[in-house]
Amino acid sequence: MPSLNVTNATTNSVVVTQAGTYEINYYVNLSAAVATTVTMAVRANGTNIPSTVISRALSVGTNSIYSGSTIVTLTAGTTLDMAVSALLAVGLNLGSGVNASLSVKKLN
């Protein structure tokens, strides 16, 4: 996907260089090695964006897709990334093929 007005601060993040309203689309396909509740969220400067938080109780080895879209207002310099957490210490396995994606599109 073409990049415009964003930078990559770290390997797994995107920094928005212009303030504005953005559409964020996200997708993760994963499974857990232990049955537990797994939460996925897109974060802005390390804080979960509430409309992106998805929690699911996963069975061992069963793939689950976490995906969605939201529109948010961001300030210049906002760092976006995706984070996964679980109630228990657990190994997570990414699904085959496209297993994670994050796209950010400026609307105005």
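Two strands are taken to pair if DSSP finds at least two bridges between them, and by that criterion β3 and β9 of this predicted model pair in the antiparallel sense, with three bridges between them. Within this pairing, Leu 30 stands opposite Leu 94 of β9.

Strand β3, which covers residues 20-32, has further partners. It is joined by 11 bridges to strand β7 (residues 64-74), the two running antiparallel, and here Ile 24 is found opposite Thr 70 of β7. With strand β10 (residues 100-106), β3 forms seven bridges, again in the antiparallel sense, and Tyr 27 has Ser 101 in β10 as its bridge partner. Of the 13 residues of β3, 10 are buried, so the strand is largely enclosed by the rest of the structure; buried here refers to a relative accessible area under 20%.

From this enclosed strand one may turn to the surface, where Val 34, Leu 87 and Leu 88 make up a nonpolar patch whose accessible area together is about 290 Å². Leu 88 lies in the loop that runs between β8 (78-86) and β9 (92-94). Because its relative accessible area is 45%, a value in between the limits of under 20% for buried and over 50% for exposed, Leu 88 is classed as partly exposed.

The aromatic side chains can be considered last. When rings are required to have their centres within 6.5 Å to count as a pair, the number of aromatic pairs is zero. A ring does, however, take part in a contact with a charge: the charged end of Arg 56 sits over the ring of Tyr 66, at 4.8 Å from the ring centre.

Technical notes: Residues numbered from 1 in each chain as written. Predicted model: local features only at pLDDT ≥ 70, side-chain atom pairs only at ≥ 80, totals over all residues. Heavy atoms only, no water. Phe/Tyr/Trp six-rings, centres within 6.5 Å; stacked < 30°, edge-to-face > 60°. Lys NZ or Arg CZ within 6 Å of the ring centre and 35° of its normal. Patch = residues over 30% accessible without salt bridge, like charges linked within 9 Å, V, L, I, M, F, W, Y side chains within 5 Å. Areas by Shrake-Rupley, 256 points an atom, 1.4 Å probe, with all protein chains shown as cover. Salt bridge = Lys/Arg side-chain N within 4 Å of Asp/Glu carboxyl O. Helix = DSSP H or I, 4+ residues; strand = E, 2+ residues; numbered from the N terminus. Buried < 20%, exposed > 50% of the residue type's maximum accessible area, 1.4 Å probe, protein only.
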